[in-house]
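Work through the exercises below with the sequence and the coordinates open. Each task is followed by a solution in steps.

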Amino acid sequence: MKKSFVENQSRKNNLSHCRSFFIVSIVILGMMTVVYAQDSTAVKAPPLQLLQNSSSSLLRNTSVPANDSTIKIPIESQSVTKTEQAVARIATRLVYKKDIEPPGKMKAEAKKQLGNKYAEWLEETRTQQLFFGLWEPIRQNALQTNNISASDAEVKTFIDNAKKMALKQLPQVEAQLAQINQALKAGTVPKEKLQEAQQYKAFLEQRVTAVRNAKEPTAQEKEVARSLIMSWKLDKILYKQYGGRVVAGQQSPYSPVGAYKAFLQDKQKEGLFEIYDKKMQNKFWTVFEKAPKDATVPKDKVNYDKPWWESLGQ
């Protein structure tokens, strides 16, 4: 049976293609298109989009008591009753179930679309919220401890190279847009794939418009670039210390997930954080095993000698 355009595009997609689209989108289009750019040819279901666009209450609250001098932790737990059970602790802060609970609107949408898979999704979502809620302050502390920063010159190089790559890829994006427009006009897209195809079309149109009308980077885009640069520098340090598995990630061609896990295990042993909920604790560590086998970067291909963004657009 002849495959639809969307199905064919999904089959042709590869990891390097996804990575480059992510990098360009996050810099050129800003953070609003991050979800689409993570997999530019397979638009995610709304519940997952909502999850990835959402920040947990752990990440939204950034005030820290003045007497907490051991580590700067951007977490301030919401007010809780004495009877509410904590699921985790980071430094002197307790994390409660409601801190990692997805918003009601997100849950309602997920329940409607996922049916009997809703319970599994909810458990996964809570675990991810807990992971990012614990990981981000620990990461920030590691950046501070290692005096990691990104200069304005590095940020400029990152953005300039991302724009070069965007322009280089523009003909390919326009060709894909022409194909999907033709498929929609001819009515060859299956009914069950129609919404996905229309979302993909909107994404491509947004990319084309953004690249053609690119202006000076906003303060937000500069900060995103700065954050990615700093993350790479930390990754380099962690990989040198711990080694382990490296995967083609969403923020870098080299994400040292093995080093992340070993680093967090060390911090747990040091008593920096605890996960009280045993079931959630077991699921917490599986986060590092989520990347598929074909995303693994061979050890001899891992290269932290040169920042990856310096090769963009070449």
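The expected span of a helix is 1.5 Å times one less than its number of residues. The model used here is predicted.

**Exercise 1.** Compare the span of helix α10 with the expected span.

Solution. Helix α10 covers residues 219-242 and has 24 residues. From the first C-alpha to the last, α10 reaches 34 Å, which is close to the 34 Å expected at 1.5 Å a residue. Just after α10, Gly-243 takes a positive phi of about 65°.

**Exercise 2.** Classify the ring pair formed by Phe-131 and Phe-284, and place both residues in the chain.

Solution. The structure holds 19 aromatic pairs. In this one, the ring centres of Phe-131 and Phe-284 are 5.5 Å apart and the planes stand at 50°, so the pair is tilted. The cut-offs behind that step are under 30 degrees for stacked and over 60 for edge-to-face, with the rest counted as tilted. As for location, Phe-131 sits in helix α7 (residues 118-145) and Phe-284 in helix α12 (residues 278-286). The two are 153 residues apart, and their pair links distant parts of the chain. For burial, the limit is under 20% relative accessible area. Phe-131 has 8%, so Phe-131 is buried. Phe-284 has 1% and therefore also counts as buried.

**Exercise 3.** Do the equivalent analysis for Trp-232 and Tyr-304.

Solution. The centres of these rings, Trp-232 and Tyr-304, lie 6.1 Å apart with planes at 40°, so this pair is tilted. Trp-232 belongs to helix α10, whereas Tyr-304 is in the segment after α12. With their positions 72 residues apart, this pair too links distant parts of the chain. Both Trp-232 and Tyr-304 are buried.

**Exercise 4.** Is Tyr-242 buried or partly exposed, and which residues does its side of the structure bring into contact with it?

Solution. Start with the location: Tyr-242 lies in helix α10. Its relative accessible area is 25%, so Tyr-242 is partly exposed. Next, leave aside neighbours within four places in sequence; Tyr-242 is then in contact with Ala-259, Ala-262, Phe-263 and Asp-266. Polar contacts come next: the side chain of Tyr-242 has one of 2.7 Å with that of Asp-266, and another of 3.3 Å with that of Gln-241. For the backbone, the C-alpha atoms of Tyr-242 and Lys-261 are separated by 9.3 Å, with the residues 19 apart along the chain.

**Exercise 5.** Which cluster of ring pairs includes Tyr-242?

Solution. Ring pairs link Tyr-242 into a cluster with Phe-131, Phe-132, Trp-135, Tyr-260, Phe-263, Phe-273, Phe-284, Trp-285 and Phe-288. Phe-263 is also among the contacts of Tyr-242.

Definitions and conventions
Residues are numbered from 1 along each chain as its sequence is written. This is a predicted model: local features need pLDDT of at least 70, side-chain atom pairs count only at pLDDT 80 or more; totals for chains, interfaces and linings use all residues. Side-chain values use heavy atoms; hydrogens and water are left out. Rings of Phe, Tyr and Trp (its six-membered ring) pair if their centres lie within 6.5 Å; planes under 30 degrees apart count as stacked, over 60 as edge-to-face and the rest as tilted. Helices (H or I, at least four residues) and strands (E, at least two) are DSSP runs, numbered from the N terminus. Buried means under 20% relative accessible area, exposed over 50%, partly exposed in between (1.4 Å probe, protein chains only). Contact means heavy atoms within 4.5 Å. A polar contact is a pair of N or O atoms within 3.5 Å; within protein, one must be able to donate a hydrogen and the other to accept it, and residues adjacent in sequence count only if both atoms are side-chain atoms.
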